[in-house]
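Reader: I am in my first year and still learning to read structures. Please take one part of this one and go through it closely.

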Amino acid sequence: MSVEANWARIIRWCEQHAPTTPTRLLPPADLEAVRAAESATGQTWPEQLHQWFALHNGGYREYPVPLVLPSNEPLSVADAVETYARLTRLWEDYADDLGGVEALMAEAAGSEIETYLPAFIPIGDTGRGDYLAVDTRGGDRSGCVVEFFNEGGATFRWDSIDAMLDCTASALEQGTDCAGWVAVIEDGVLRWDFP
């Protein structure tokens, strides 16, 4: 399937089972804003990341937030850039302690790492300081989705945004888990539990 098709599966399921959730999403991001964001990060974004922001521009930040991803709400383009800049600054010294940003950026995408890197473009926010990010480093897994934890460390989650959305949509449709997270509906709102 495609990013767009899997996103449509998620939205369709939410409209039927958690109808408040899709109303909390914002319309697609402006193409110029996406290009400016890509430029601000200094990274080349994979096509699926452009497709991602062509579907939405995050969601409303007040409750209920649209947790359409396992325990994560999608970030807007502006929030992605702000989060990117903040985390890159915050973790720069630690990256230097681990051998330097340049050396860490040369490692293959998806490899375990103990710090935040400029190669990580945030796309999802747990609201607890953890983020989903697209790893733009090179290698076979370039464009994969990693989870960055606020106490430090990033770990591989999915091969691509499309794979993340397929996992999410399948979990919703089949009542199974996605990366250990199980969908729960409360008052028309989708949330996720980690049993």
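Author: What follows is a look at the aromatic pairs, and then at some backbone details and one helix packing. The model is a predicted one.

A search of the whole structure finds seven aromatic pairs. One of them is made by Tyr-116 and Phe-148, whose ring centres are 5.2 Å apart. Their planes stand at 80°, and an angle over 60 counts as edge-to-face, so this pair is edge-to-face. The two residues come from distant parts of the chain, 32 residues apart. Tyr-116 sits in the loop between helix H6 (101-105) and strand E2 (120-125), while Phe-148 belongs to strand E4 (residues 144-148). Both rings belong to buried residues: the relative accessible area is 2% for Tyr-116 and 0% for Phe-148.

A second pair joins Trp-181 and Phe-194, with ring centres 5.0 Å apart and planes at 65°, so it is edge-to-face as well. Trp-181 lies in strand E7 (residues 181-186) and Phe-194 in the segment after strand E8 (189-193), so the pair ties together parts 13 residues apart in sequence. Here the partners differ in exposure: Trp-181 is buried at 18% relative accessible area, whereas Phe-194 is exposed at 52%.

Tyr-116 and Phe-148 also belong to an aromatic cluster, which they form with Trp-91, Tyr-94 and Phe-120.

Next, the backbone. The peptide bond between Tyr-63 and Pro-64 is cis, with omega about -5°. Pro-64 is found in the loop between helix H4 (47-53) and strand E1 (73-74). Ser-71 is placed in the loop between H4 and E1 too. Ser-71 is not a glycine, yet its phi is positive, about 60°. Ser-71 is buried, with a relative accessible area of 6%. Ala-179 likewise has a positive phi, near 55°. Ala-179 is in the loop between strand E6 (177-178) and E7, and is partly exposed at 37% relative accessible area.

Last, the helices. Two packed helices are described by the angle between their axes and the distance between the axes. For helix H1 (residues 3-17) and helix H7 (residues 161-174) the angle is about 30° and the axes are 9 Å apart. Angles under 35 degrees count as roughly parallel, and H1 and H7 are therefore roughly parallel to each other. H1 passes H7 in a left-handed crossing. Residues making the contact include Trp-7, Ile-10 and Trp-13 of H1 and Leu-165, Ala-169 and Leu-172 of H7. By class, this contact has eight nonpolar, three polar and four charged residues.

Conventions: Residues numbered from 1 in each chain as written. Predicted model: local features only at pLDDT ≥ 70, side-chain atom pairs only at ≥ 80, totals over all residues. Heavy atoms only, no water. Axes fitted to C-alpha atoms, helices over the stretch in contact; angles between N-to-C directions. Helix = DSSP H or I, 4+ residues; strand = E, 2+ residues; numbered from the N terminus. Parallel < 35°, antiparallel > 145°, perpendicular 65-115°, else oblique. Left-handed = near helix turned anticlockwise from the far one by under 90°. Contact = heavy atoms within 4.5 Å. Nonpolar A, V, L, I, M, F, W, Y, C, P; charged D, E, K, R; others polar. Phe/Tyr/Trp six-rings, centres within 6.5 Å; stacked < 30°, edge-to-face > 60°. Buried < 20%, exposed > 50% of the residue type's maximum accessible area, 1.4 Å probe, protein only.
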